[in-house]
Amino acid sequence: MTGEAHMLYQSTRNDRNKITGAEAIVRGLSSDGGLYVPESFPEVTQETVTKLAAMPYHERAAFITGLYLDDFNADELSRFASDAYTSGFDDPAVAPLKKLSEGTYFLELWHGPTCAFKDMALQLLPHLLTASLKKTGETREVCILVATSGDTGKAALEGFRDVPGTRIMVFYPRDGVSDVQKLQMTSQAGGNVNVVAVEGNFDDAQTGVKAIFSDTELSSMLDSRGYFLSSANSINWGRLVPQIVYYFSAYCDLLKNGCIKPGGKVNFCVPTGNFGNILAAYYASRMGLPVNKLICASNRNDVLTQFINTGVYDRNRPFYTTASPSMDILVSSNLERLLYEMSGKDGGTVADYMQALSAGGVYAIPDPVKREINRMFAGGYCSEPDTMKTINDVFYDHDYLIDTHTAVAYKVLCDYKKDTGDDTPSVVVSTASAFKFCDSVLDALSKPVSGGVNSASCGVELLDKLAEVTGTGIPAPLAALKGSAARFNASVPVGSMKEAVTEFLTGLTAG
Ligand SMILES: *Cc1c(COP(=O)(O)O)cnc(C)c1O
């Protein structure tokens, strides 16, 4: 492809500086605070989709990612995809599609090494990032900073552990993750990793990490010591592009199994937090994937579905800790990328919304923009009792075990169908193994956890109980947690996250 024009990326807040895919992946976040977006969307024809349907997952991935990352050659991407998606997944389909009932399917994205959908991107990202560092001539060591609502942290640690030229540091909300999630992170192996609890919620952790990224004093100090910071959160383009793949893959499998005709439309219902997963579905539709509706499912923290239904984004509201912690988010970063597309790629308007959001916690979009969003997106929310009831119903009616996040999505899909009469074939995006949230899932199955959970290993012992109650095998990576000990016990106030980063990278303590 030498000599050809490459796909370029620009910030959602300013379209003056265009950069390549490799540069976007290295930088993570634009220096103006915006997120990198592709200048245009590559087109995928129905003919190509039919060809992809005959390929295994890793070849589908190499093809789709290649459309965006055309500064990588096809051999590289094939190698990366086959590395990422062959050994670490416990299902040969990688992202298998399961039929629940006529017209309703579950896309299982949790067969990777950490049992949540974050693996779909984070098994590939380290390959993309290390290659991008070479392509951009970067010689400093990269430190990946992650704020996690529970699943990204572990998936990023697993993806980056002992990758040469990288370090990784994860911040998680101390009281906002499940016991299994916490032990998965604190027991992480690897010589280049660090895990710290933040005394706050996910939004606090995410805001803290963003502040560290835009701290120029810190970055020049780290630069002088041969380090720079980058992100493995879904603000990084390298996270999003692998997520587009599985929407095509699901469509391919529906075609292959005769569930739809070529060109037939489908709905996707996505349990949503930071809006990365559903945004990837939107990008797939912009590339030509026949999508009817994208249904955004929220838990009790329904700031996004309120936005879709009213046009007002208002984060001034209580923050709830729910049974679906990976969706306990009030400031949804990737919505900025949707706003950009929906506002006619007007970076100034997006910057104004984001300014209003950080100043007063609220912004409103004009009616035409809202109408445009509603042509593609519907939104709904699921209460805590309904989440529990849904897990119970699906298990006892269909003999199918789902986690709390997936339950939110399935309930929202059922409500949507009832309200609209839309009978388009629908795919529920299943984002985590039920075993990651075994205490809540056991509760939902009316097998309450007796005596509560009082030590790090207690949550893990529930794995056996859930296996016994449901007759389902514990995923191997979670079974391996039994008997593993926490390596990382540090916890810091929100205001001390920067010092924790400095200490990790330079060994210097504050003061
Ligand atoms: C991260 C996560 C979500 C939310 O995905 P976003 O891309 O942040 O919207 C939903 N479910 C699970 C299990 C997750 O780990």
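This text goes through the ligand site, the cavity that holds the ligand, and the largest pocket of a predicted model. Local features need pLDDT of at least 70 and side-chain atom pairs count only at pLDDT 80 or more, while totals for chains, interfaces and linings use all residues. Residues are numbered from 1 along each chain as its sequence is written, and side-chain values use heavy atoms, with hydrogens and water left out.

Around the ligand there are 15 residues, of which K118, D151, G273, N274 and N277 come nearest; a residue is near a molecule if one of its heavy atoms lies within 4 Å of it. This shell divides into five nonpolar, eight polar and two charged residues. In these classes Ala, Val, Leu, Ile, Met, Phe, Trp, Tyr, Cys and Pro count as nonpolar, Asp, Glu, Lys and Arg as charged, and the others, Gly among them, as polar.

Polar contacts are pairs of N or O atoms within 3.5 Å. One joins a polar side-chain atom of D151 to an oxygen atom of the ligand at 2.4 Å. N277 has a polar backbone atom 2.9 Å from a ligand oxygen atom, and T431 places a polar side-chain atom 2.9 Å from a nitrogen atom of the ligand. On its own the ligand has 380 Å² of accessible area (Shrake-Rupley method, 1.4 Å probe), and the protein covers 98% of that area.

The space taken by the ligand is the largest cavity. On a 1 Å grid over the protein atoms alone, a cavity is a set of points where a 1.4 Å probe fits but cannot get out, and lining residues have an atom within 4 Å of a point. The structure holds two cavities of 30 Å³ or more, and the largest contains about 260 Å³ of space. Its lining has 26 residues, with F117, K118, G273, N274 and S326 nearest the centre. Helix α12 gives the largest share of this lining, three residues. By class, the lining has nine nonpolar, 14 polar and three charged residues.

The largest pocket has a volume of about 1,100 Å³; a pocket is an open set of points with protein on both sides within 12 Å along at least five of seven lines. It is lined by 39 residues, and L29, S30, K210, F213 and S214 are the closest to its centre. The lining of this pocket comprises 17 nonpolar, 13 polar and nine charged residues.

Terms used. A polar contact is a pair of N or O atoms within 3.5 Å; within protein, one must be able to donate a hydrogen and the other to accept it, and residues adjacent in sequence count only if both atoms are side-chain atoms. A molecule sits in a cavity or pocket if more than half of its atoms lie within 2 Å of its grid points. Grid points are joined across faces, edges and corners, and a volume is the space filled by probe spheres set on the points. Helices (H or I, at least four residues) and strands (E, at least two) are DSSP runs, numbered from the N terminus.
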